[in-house]
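The following exercises are to be solved with the sequence and the structure at hand. Each task is followed by a worked solution.

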Amino acid sequence: MASEKEAALAAVPSDSPTIFDKIISKEIPSKVVYEDDEVLAFRDISPQAPTHILIIPKVKDGLSGLSKAEERHCEILGRLLYTAKLVAKQEGLDDGFRIVINDGPSGCQSVYHIHVHLLGGRQMNWPPG
């Protein structure tokens, strides 16, 4: 967990291409579980639960984090959450799942391209920490 915190504290918010842009363009391979014209969902390379999938918009459009959202982003934000529901069903997470959106350094965001974490396959605890 310390490495995630360190990565978040070291990350610099920018509109420059991120690792997610390279995954979208297929420069970096990923285990895609869902894709349509607007979003891409793939397995996290450092899973924090038996099922850990990242869901990202294919076009960042200035949406580097949730705190940067504008009214024009409402449609893609809804699409990300609806896709999480579809992928959860596809993954058999019928008993429940967790959605996480990290925002900013204190929120442990390390990649400045908005993304939704879909976590499941085990009992989640509260508070999340």
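Two strands are said to pair if DSSP finds at least two bridges between them. The model used here is predicted.

**Exercise 1. Determine which strands pair with β2, and in which sense.**

Step 1. Apply the cut-off of at least two bridges. Strand β1 (residues 32-35) and β2 are joined by three bridges, and they pair in the antiparallel sense. A hairpin of three residues connects β1 to β2.

Step 2. Turn to strand β3 (residues 51-57): β2 and β3 share five bridges and run antiparallel.

Step 3. Locate individual partners. V32 stands opposite F42 in β2, while V39 has P57 in β3 as its bridge partner.

Step 4. Consider the surroundings of β2 (residues 39-43). Because four of its five residues are buried, strand β2 is largely enclosed by the rest of the structure.

**Exercise 2. Find how many aromatic pairs the whole structure contains, and describe the geometry.**

Step 1. The search of the whole structure yields one aromatic pair. Its members are F20 and F42, with 5.8 Å from centre to centre and 70° between the planes.

Step 2. Planes over 60 degrees apart count as edge-to-face, and the pair of F20 and F42 is accordingly edge-to-face.

Step 3. Place the residues in the chain. F20 belongs to helix α2 (residues 19-24) and F42 to strand β2, 22 residues apart, and the pair thus links distant parts of the chain. Both F20 and F42 are buried.

**Exercise 3. Establish which residues of α3 are buried and where they lie around the axis.**

Step 1. List the buried residues of α3: I76, L77, L80, T83, A84, V87 and A88.

Step 2. Examine their directions. These residues cover an arc of only 135° around the axis, which means that they lie on the same side of α3. An α-helix has 3.6 residues a turn, so residues three or four places apart point the same way.

Step 3. Compare the other side of α3, where C74, E75 and K89 are exposed.

Step 4. Identify the packing partners: the buried residues of α3 pack against β1, β2, β3, β4 (97-100) and β5.

**Exercise 4. State how many residues form the largest nonpolar core, and which element supplies the largest share.**

Step 1. This core has 17 residues; A41, I53, I55, L80, V87 and L118 have the most contacts inside it.

Step 2. The largest share, six residues, comes from α3.

Step 3. Follow one member, L80: among the residues that it touches are V39, I55 and V116.

How values were computed: Residues numbered from 1 in each chain as written. Predicted model: local features only at pLDDT ≥ 70, side-chain atom pairs only at ≥ 80, totals over all residues. Heavy atoms only, no water. Buried < 20%, exposed > 50% of the residue type's maximum accessible area, 1.4 Å probe, protein only. Helix = DSSP H or I, 4+ residues; strand = E, 2+ residues; numbered from the N terminus. Phe/Tyr/Trp six-rings, centres within 6.5 Å; stacked < 30°, edge-to-face > 60°. Core = buried A, V, L, I, M, F, W, Y, C linked by side-chain atoms within 4.5 Å. Contact = heavy atoms within 4.5 Å. Arc of directions from axis to C-beta.
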